[in-house]
Amino acid sequence: MSAAPDQARLAAIRRCRHWIFDLDGTLTHPVHDFDALRRELGVPDRIPILEHLASLPVARAEPLRRRLDAIETAACDRAMPRPGAATLLAWLRRSGSRVGIVSRNSHASVCRTLVAAGLGGEFDPSDLLGRDEAEPKPSPAGIQRLLDSWGAAADDAVMVGDFLFDLQAGRAAGVATVYLDWDGDGRWAGEADLVLPGLTWLPPSA
Ligand SMILES: [Mg+2]
């Protein structure tokens with residue numbers, strides 16, 4: 001069980017006007033079986049899938065990338081929103097905040113996942129960045145690209161995610177980081193400014 005969130009930090013994060021989210025596992029329940037993906041694509045243990053593909057010669061990597069795209073796309077239609085996702089996005093819309101997504105998945109799968117989860121209407125398509133629009137997390141490139149396009153300062157922005165790379169990308173971009181610790185194990189709490197057990201804590205009515 002997670003400890004009560006730091007109320008001062010929570011209040012500071014609620015004042016941010018630019019919100020960047022991870023998608024799979026953050027706004028939606030995770031649909032990807034990464035162990036099965038690794039076996040299918042022949043990715044060695046402990047090496048991230050995208051980084052492994054990037055290390056291969058083009059002729060070997062290309063068919064694997066196409067296979068990855070196909071597997072991702074097939075999984076999208078099973079996407080379900082996490083509890084509180086729609087309420088959080090509606091609050092951000094009402095308060096005039098900008099929202100975007102930075103994902104290690106493809107742009108097409110991000111769009112399809114949002115539609116399946118009923119969240120597609122909450123985002124401007126140009127604010128959805130997949131692995132082909134910016135260097136993937138943990139690089140801060142996607143976050144920085146959104147901040148640049150919004151004319152936003154890093155100290156008025158927050159990155160919300162459920163995985164180490166989300167938090168590392170946020171830290172490297174200089175934005176506040178929120179770790180959604182769904183399992184309550186505190187695994188990456190040291191990388192985040194705020195640890196929350198779920199999205200329902202973020203709107204002020206929670
Ligand atoms: Mg995730």
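## Exercises on a metal site, a helix and a pocket

In this predicted model, Asp22 is buried, as is Asp24.

**Exercise 1.** Determine which residues coordinate the magnesium ion, and describe how its donors are spaced along the chain.

*Solution.* Begin with the atoms that contact the ion: Asp22 and Asp162 each coordinate the magnesium ion through OD, whereas Asp24 does so through O, with distances of 2.2 to 2.3 Å. Next, place these donors along the chain, where they follow the spacing D-x1-D-x137-D. Finally, consider accessibility, for which a residue counts as buried under 20% relative accessible area; both Asp22 and Asp24 are buried.

**Exercise 2.** Work out why the buried residues of H6 line one face of the helix.

*Solution.* First, list the buried residues of helix H6 (residues 107-116), which are Ser109, Val110, Thr113 and Leu114. Viewed down the axis of H6, these buried residues fall within an arc of 135°, and therefore they line one face of the helix. This fits the general geometry, since an α-helix has 3.6 residues a turn, so residues three or four places apart point the same way. Then turn to the other side of H6, where Ala108 and Val115 are exposed. The cover over the buried residues of H6 includes helix H4 (58-76), strand E2 (98-102) and strand E3 (128-129). Lastly, Gly118, which follows H6, has a positive phi near 75°.

**Exercise 3.** Characterise the largest pocket by its volume and its lining.

*Solution.* The volume of the largest pocket is about 980 Å³. Of its 34 lining residues, Asp24, Phe34, Asp162, Phe163 and Trp188 lie nearest the centre. Sorted by class, the lining comprises 15 nonpolar, four polar and 15 charged residues.

Terms used. Residues numbered from 1 in each chain as written. Predicted model: local features only at pLDDT ≥ 70, side-chain atom pairs only at ≥ 80, totals over all residues. Heavy atoms only, no water. Donors = N, O, S within 2.8 Å, 3.2 Å for Na, K, Ca; no water. Buried < 20%, exposed > 50% of the residue type's maximum accessible area, 1.4 Å probe, protein only. Helix = DSSP H or I, 4+ residues; strand = E, 2+ residues; numbered from the N terminus. Arc of directions from axis to C-beta. Contact = heavy atoms within 4.5 Å. 1 Å grid on protein atoms, 1.4 Å probe; cavity = no way out; pocket = protein on both sides within 12 Å on 5 of 7 lines; lining within 4 Å. Points joined across faces, edges and corners; volume = space filled by probe spheres on them. Nonpolar A, V, L, I, M, F, W, Y, C, P; charged D, E, K, R; others polar.
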